[in-house]
Amino acid sequence: MVDQYKSEQFEGLISKIRSHEAVVGIIGLGYVGLPLAVHFCRKNFKVMGFDVDQAKIDSLTQGRSYIKHIPDEFVRELDAEGMFEATGDFSRLSEPDCLLICVPTPLDDKLEPDLSYLLQTTEQIVAAIRPGQLIVLESTTYPGTTEEMMQPRLEHSGLKVGRDIFLAFSPEREDPGNKNFDASNIPKIVGGVTPACLEAAVALYNSITKAVPVSSTRAAELTKLLENTYRSVNIALVNEMKVLAHRMGIDLFEVINAAATKPFGYTPFFPGPGLGGHCIPIDPFYLAWKAREYDFDARFIQLAGEVNISMPGYVVDRTAEALSKTGKELRGSRILVLGIAYKKDIDDDRESPGYAIMDMLTERGALVSYNDPWIPRLRPTRKYDFKQKSVELTPELLTACDAVIIVTDHSAYDYAGIVRQARLVVDTRNATAGLREGLDKIILA
Ligand SMILES: NC(=O)c1ccc[n+]([C@@H]2O[C@H](COP(=O)([O-])OP(=O)(O)OC[C@H]3O[C@@H](n4cnc5c(N)ncnc54)[C@H](O)[C@@H]3O)[C@@H](O)[C@H]2O)c1
């Protein structure tokens with residue numbers, strides 16, 4: 001290992017990183033890759049962005065952002081400084097000194113890891129690779145991906161990891177729309193295949209934030225899955241507690257806020273209509289899939305998944321129950337879903353529980369429409385194809401609907417106005433806190 005540290009390629013790479021002369025290539029310019037590109041540019045690194053989606057490249061070349069919470073000015077700022085270039089030409093993967101992979105890692109139809117994007121990217125890198133490059137996988141995946149799947153393929157090029165090229169895993173911790181944390185102040189976990197790989201990757205991430213080295217790529221891969229499973233399990237706990245609290249006639253949000261005053265040993269999590277996004281509903285499946293290779297049944301993870309997946313059905317049942325108290329049936333009722341993004345104030349609708357709610361309502365004969373200021377139209381997803389456009393939120397519409405379900409608590413909504421005009425409000429997010437007093441037309445679900 002000591003010799004590898006002294007390899008000429010390592011010394012060249014580390015000195016370029018430390019002087020910010022290294023060119024950073026980002027592969028996959030989505031919710032993770034684009035903000036990362038912005039942060040490296042801001043730290044005076046030249047950045048090349050690679051994507052298979054030509055529309056994204058055109059948009060960036062014209063100085064336009066396609067992610068609503070990343071303003072056009074950011075993209076124009078990069079362009080003006082000549083620090084950023086977007087391209088779909090993957091033969092140019094040889095140009096950057098560091099390649100950061102941010103491509104999707106979804107599930108396939110059998111709910112198993114779909115590594116096809118990552119495999120394609122790895123092959124594209126192998127076709128262009130040159131000595132002295134650092135390759136870091138940022139996409140979320142199961143422990144072992146970097147060393148079992150990527151390393152042998154990269155070494156097919158004849159270049160040796162740790163001596164000629166350097167390979168690491170550093171999970172992305174982006175929280176879209178969070179105004180307090182971004183790539184400049186979120187510590188970055190880093191695991192390297194060899195000590196040289198680790199040192200190069202730590203040097204790179206230390207130039208934009210604080211790098212936290214761990215002993216292996218597997219430890220780094222599992223760290224990300226632990227973080228997301230922790231969220232999934234805790235959200236499942238409060239979701240289950242919500243159902244119980246309702247039966248007991250207790251407002252769980254009040255209870256959670258009271259518990260959160262404890263200065264130690266308690267972290268508040270909030271119930272909702274079910275899980276959404278590219279991470280929390282998906283990542284535990286990556287871990288459970290790999291666990292099977294070790295004859296291990298990840299029961300806790302599975303149970304959390306079951307509870308969270310049952311939440312859209314619970315919301316629909318509660319809506320039907322509330323309607324029946326007013327003498328109406330779900331069948332034939334006009335229901336307006338407010339918010340289809342998986343969380344507030346972002347334009348990401350992947351895996352949104354809103355889709356499952358709309359689907360179940362439609363199945364049960366309700367006439368469903370939706371409004372979301374962030375999502376003007378519904379695109380086909382792995383499971384659903386609604387072909388709907390966001391309807392205009394007018395007082396007339398609110399009055400005409402039999403029920404309004406708040407699925408996503410976007411800040412743009414005037415909740416007092418909604419409560420005033422709607423006939424029945426099913427609130428899955430506690431968006432009507434402070435407005436419910438004495439009103440039995442609002443239910444928490
Ligand atoms: N979105 C989040 O908040 C978040 C947070 C943490 C981690 N992650 C993880 O980061 C990874 C990326 O997620 P995302 O939300 O940015 O996905 P995304 O779909 O927004 O972006 C992925 C991008 O990769 C591009 N792409 C696909 N195949 C490609 C290829 N072969 N070469 C180049 N580009 C390709 C797509 O066109 C797209 O622009 C996933 O593993 C995800 O689990 C996401």
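Here is a short walk through this predicted model, from its nonpolar cores to a pocket and then to its cysteines.

Let us begin on the inside. In soluble globular proteins, nonpolar side chains tend to be buried together. In this model the largest nonpolar core has 77 residues, and I26, F40 and L134 are the ones with the most contacts inside it. Helix 8, covering residues 195-206, supplies the largest share of this core with eight residues. To get a feel for the packing, try selecting I26: leaving aside residues up to four places away in sequence, I26 touches G33, L36, A37, F40, V47, M48, G49, F50, L100 and C102. There is also a second, separate core of 30 residues, with V315, V368, Y384 and F386 among them.

Next comes some open space. The second largest pocket holds about 370 Å³. Its lining is made of 18 residues, and H69, I70, F74, N178 and D182 lie nearest the centre of the pocket. Helix 3, residues 33-42, gives the most to this lining, with four residues. By type, the lining of the second largest pocket has eight nonpolar, four polar and six charged residues.

Finally, have a look at the cysteines. A search of the whole structure finds zero disulfides. C41 is in no disulfide, and the nearest cysteine sulfur, in C98, is 13 Å away. C41 is buried, with a relative accessible area of 7%. Why is the sulfur of C197 without a bond to the closest cysteine sulfur? That closest sulfur belongs to C98 and lies 12 Å away, which is too far for a bond, because a disulfide needs the two sulfur atoms within 2.5 Å. C197 is buried as well, with a relative accessible area of 0%.

Technical notes
Residues numbered from 1 in each chain as written. Predicted model: local features only at pLDDT ≥ 70, side-chain atom pairs only at ≥ 80, totals over all residues. Heavy atoms only, no water. Core = buried A, V, L, I, M, F, W, Y, C linked by side-chain atoms within 4.5 Å. Buried < 20%, exposed > 50% of the residue type's maximum accessible area, 1.4 Å probe, protein only. Helix = DSSP H or I, 4+ residues; strand = E, 2+ residues; numbered from the N terminus. Contact = heavy atoms within 4.5 Å. 1 Å grid on protein atoms, 1.4 Å probe; cavity = no way out; pocket = protein on both sides within 12 Å on 5 of 7 lines; lining within 4 Å. Points joined across faces, edges and corners; volume = space filled by probe spheres on them. Nonpolar A, V, L, I, M, F, W, Y, C, P; charged D, E, K, R; others polar.
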